[in-house]
Amino acid sequence: MASVSLSNLELATPFLGQNLPRRFNRLNGKPFPALFRSPRCVLDTPYEGNVTKFPRIRVWDPYKRLGVSTAASEEEIWSARNFLLQQYSGHERSEESIEAAFEKILMASFQHRKKTKINLKTRLKKQVEESPPWIKNLLNFVELPPTDVIFRRLFLFAFMGGWSIMNSAEGGPAFQVAVSLAACIYFLNEKTKSLARASIIGLGSLVAGWVCGSLVVPSIPSFLLQPTWSLELLTSLVVYIFLFLSCTFLK
């Protein structure tokens, strides 16, 4: 039988474009592992399809990135942010860029308002310190309560004033004035913890308001007033103002 030598056998198969990896290195005879590189799949790469990319994604100025002016209102900034998020929805980097610009504008606006508020308090404090002594002593009796307290008491005395006006054709405002005086004394007693002091301040506000109303109301032109509004009714409205101020801002 004919012997076949396989020592110099070479593979010339058409689909093999390169030499097969060898187990041994011919130069030094040492074995080395064969290196295989896994094929890349299309699904391994990020796919965005037809999602539009935000063109101003790298703009540094947050106002220019959102497309608004530096004098834009808060409502305009919110509208621009919502519009851009809806337009470029699905593109993660675009959404992050839009949100980052929006947060920068809000933070800058908050810091500006905080700085303005601090400056206003500093100016007021400086003016008080530079004012005459009698103004300082007068301001020692005044305080600024929370906003919700001011609005609640303002609503109460405004309601009493409206009730007095609606009831002016039937009778005088004596009952409404009495209820307002009682409310004023109650609020003052909560602050001073002294019923006697609260009563004195409340009655003093009532008298001061009545005297002031009696002097001011006659000087109001008659064409500005309703024919059914009596001097007593108009004076009681001034009294409500004095009672509101005393129970809200006095210490």
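**Exercise 1.** Is leucine 215 buried or exposed?

*Solution.* The model is predicted.
Step 1. Leucine 215 is located in helix H7, which covers residues 195-216.
Step 2. The relative accessible area of leucine 215 is 64%. A residue is called exposed when this value is over 50%, so leucine 215 is exposed.
Step 3. Leu215 belongs to a nonpolar patch on the surface, together with Val207, Val211, Val216, Ile220, Phe223 and Leu224. The accessible area of these residues together is about 710 Å².

**Exercise 2.** Determine which residues touch the most other members of the largest nonpolar core, and which helices supply this core.

*Solution.* Step 1. The core has 18 residues, and those touching the most other members are Phe157, Cys184, Leu188, Leu206, Leu243 and Cys247.
Step 2. At least two residues of this core come from each of the helices H5 (147-166), H6 (174-192), H7 and H8 (231-249).
Step 3. The most is given by H6, with 7 residues.
Step 4. Another core, of 15 residues, lies apart from this one; among its members are Leu66, Val68, Ile98 and Ile105.

**Exercise 3.** Explain why cysteine 247 and cysteine 184 are not joined by a disulfide.

*Solution.* Step 1. A disulfide is a covalent bond between the sulfur atoms of two cysteines.
Step 2. Leaving aside neighbours within four places in sequence, cysteine 184 is in contact with Cys247, and also with Phe157, Gly202, Leu243 and Ser246.
Step 3. The cysteine sulfur closest to that of cysteine 247 is in cysteine 184, at 4.5 Å. The rule requires sulfur atoms within 2.5 Å, so this pair is too far apart for a bond.
Step 4. By this rule, the count of disulfides is 0.

Definitions and conventions. Residues are numbered from 1 along each chain as its sequence is written. This is a predicted model: local features need pLDDT of at least 70, side-chain atom pairs count only at pLDDT 80 or more; totals for chains, interfaces and linings use all residues. Side-chain values use heavy atoms; hydrogens and water are left out. Patches are made of residues with over 30% relative accessible area and no salt bridge: like charges are joined within 9 Å, nonpolar side chains (Val, Leu, Ile, Met, Phe, Trp, Tyr) within 5 Å. Accessible areas come from the Shrake-Rupley method with a 1.4 Å probe; for residues, only the protein chains shown count as cover. A salt bridge is a side-chain nitrogen of Lys or Arg within 4 Å of a carboxyl oxygen of Asp or Glu. Helices (H or I, at least four residues) and strands (E, at least two) are DSSP runs, numbered from the N terminus. Buried means under 20% relative accessible area, exposed over 50%, partly exposed in between (1.4 Å probe, protein chains only). A nonpolar core is a set of buried Ala, Val, Leu, Ile, Met, Phe, Trp, Tyr and Cys residues joined through side-chain atoms within 4.5 Å. Contact means heavy atoms within 4.5 Å.
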